[in-house]
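Welcome! Here are some short exercises for getting to know a new structure, each followed by a worked solution.

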Amino acid sequence: MTTARGSARIPHRAVIILMLALAVLALGLLTRADHVTALDAAIARHLTWPDGAGPPPLIAFMQAISWIGGGTPRWVLVGLIAAAVRYWGGRRPALAIVAAVLFANIASSLLKAAFDRPRPDLIAHLDHVSSASYPSGHATSAAALYLTLALLVPPRWRRQAWTLAVLMIGLTGLSRIMLGVHWPSDIVGGTLLGAAFALAAAWWARSEPAGPA
C-alpha cells in the first residue's frame with residue numbers, strides 16, 4: 001500500500017517541476033515585451049541609487065552577498081554544505097545538494113545564451129558581469145542550494161533551514177538588483193529555475209534506490 005501511495009505522488013511532483021520549468025521559459029519570452037520591460041525598470045529604479053551613489057556600507061554588504069553567491073565562493077560554500085549534509089544525512093542527500101546547484105547553473109548558462117537579454121543600464125554596474133541577464137545565475141544558485149538543503153534537513157532543523165533559505169534567496173536577489181546588474185524578472189526567473197532543480201534533487205534524494213531483481 002505504501003508503495004502504491006508513493007508511486008501515486010510521483011506524477012504530481014513531476015508536474016510541479018515541469019510547471020516551474022515552463023514558467024521560466026514563459027517569463028524569458030515575456031521579458032521581450034514592452035510592458036514587462038517597463039515594469040522591470042520601474043521596480044529597479046526604486047531599488048537602486050542615482051548614479052550608484054548609495055551608502056558605502058550598504059553597497060559593500062550587497063557586494064559581499066553577491067560575492068558569496070557567485071564564482072569560486074559559491075562552490076566552496078556548496079562543498080562545505082554538502083560535507084555537512086554527508087555527515088548527518090549520508091551520501092545521497094550530499095550528492096543531491098551538489099547536483100542541484102551544478103545542473104541548475106548549467107541550465108542557467110544555456111538559457112542566458114538562448115535569451116541573450118542585455119544587462120540593465122539604469123546605473124553603472126557595481127559588480128562585475130560577463131554574461132547575459134536572464135535568468136540570474138546568482139538567484140538560480142541560491143534557490144537550488146538553500147531550497148534543496150531546506151527540503152532535506154531533519155525535522156528538528158527544518159525551521160532554521162527554511163529561515164536561512166528565505167533570507168539568503170531574498171538577499172541574493174535584492175543584491176543583484178541594487179547593484180544594477182539584474183532586472184527583477186531575471187531574479188524571478190532564476191529563483192524559479194533553481195526551485196525546479198531543488199525539488200528534483202530532493203525528490204531523488206528521498207527516493208529509495210531500486211533493489212536487485
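**Exercise 1. Work out how helix 7 and helix 8 are arranged relative to each other.**

Step 1: Begin with the axes. In this predicted model, those of helix 7 and helix 8 (residues 184-206) cross at roughly 150 degrees and come within 9 Å.

Step 2: Turn the angle into a word. Angles over 145 degrees count as roughly antiparallel, and therefore helix 7 and helix 8 are roughly antiparallel to each other.

Step 3: Add the handedness. The crossing of helix 7 past helix 8 is right-handed.

Step 4: Find the residues that touch. Helix 7 brings Ile169, Gly173, Arg176 and Ile177, and these meet Pro184, Ile187 and Thr191 of helix 8. Sorted by character, the residues of this contact are four nonpolar, two polar and one charged.

**Exercise 2. Describe how helix 4 packs with helix 5.**

Step 1: Recall what is needed. Two packed helices are described by the angle between their axes and by the distance between the axes.

Step 2: Read off both values. Helix 4 (residues 71-89) and helix 5 (residues 91-115) pack at about 155 degrees, and their axes are 6 Å apart.

Step 3: Interpret the angle. Helix 4 and helix 5 are therefore roughly antiparallel to each other, and helix 4 passes helix 5 in a right-handed crossing.

Step 4: Look at the contact. On the helix 4 side, the residues are Arg74, Trp75, Val78, Ile81, Ala82, Val85, Arg86 and Gly89; on the helix 5 side, they are Arg91, Pro93, Ala94, Ile97, Val98, Val101, Leu102 and Asn105. The contact has 11 nonpolar, two polar and three charged residues.

**Exercise 3. Now find how helix 4 lies against helix 6.**

Step 1: The axes of these two helices cross at roughly 10 degrees and come within 12 Å.

Step 2: Angles under 35 degrees count as roughly parallel, so helix 4 and helix 6 are roughly parallel to each other.

Step 3: Among the helix 4 residues in this contact are Leu77, Ile81 and Trp88, while helix 6 offers residues including His138, Leu145 and Tyr146. The contact divides into nine nonpolar residues, three polar and one charged.

**Exercise 4. What kind of aromatic pair do tryptophan 88 and tryptophan 157 form, and which parts does the pair tie together?**

Step 1: The ring centres lie 5.6 Å from each other, with 75 degrees between the planes.

Step 2: Planes over 60 degrees apart count as edge-to-face, and this pair is edge-to-face.

Step 3: Tryptophan 88 lies in helix 4 and tryptophan 157 in the loop between helix 6 and helix 7 (158-178), so the pair ties together parts 69 residues apart in sequence.

**Exercise 5. Find two backbone features in the loop between helix 5 and helix 6.**

Step 1: Keep the usual case in mind. Most residues other than glycine have a negative phi, and most peptide bonds are trans.

Step 2: Aspartate 116 is not a glycine, yet its phi is positive, at about 50 degrees. Its place is in this loop.

Step 3: Tyrosine 134 and proline 135 are joined by a cis peptide bond, with omega about -10 degrees. Proline 135 also has its place in this loop.

**Exercise 6. Where is confidence lowest, and where is it highest?**

Step 1: Take the overall view. The protein averages a pLDDT of 90, and 92% of the residues score at least 70.

Step 2: Go helix by helix. Confidence is lowest in helix 1 (residues 2-30), with a mean of 77, and highest in helix 6 (residues 137-152), at 97.

Step 3: Check the start of the chain. Over residues 1-8 pLDDT stays under 50, and the model has zero contacts for them beyond four places in sequence. Where pLDDT is low, the predicted coordinates should not be read in detail.

Methods: Residues numbered from 1 in each chain as written. Predicted model: local features only at pLDDT ≥ 70, side-chain atom pairs only at ≥ 80, totals over all residues. Heavy atoms only, no water. Axes fitted to C-alpha atoms, helices over the stretch in contact; angles between N-to-C directions. Parallel < 35°, antiparallel > 145°, perpendicular 65-115°, else oblique. Left-handed = near helix turned anticlockwise from the far one by under 90°. Contact = heavy atoms within 4.5 Å. Nonpolar A, V, L, I, M, F, W, Y, C, P; charged D, E, K, R; others polar. pLDDT = per-residue confidence, 0-100. Phe/Tyr/Trp six-rings, centres within 6.5 Å; stacked < 30°, edge-to-face > 60°.
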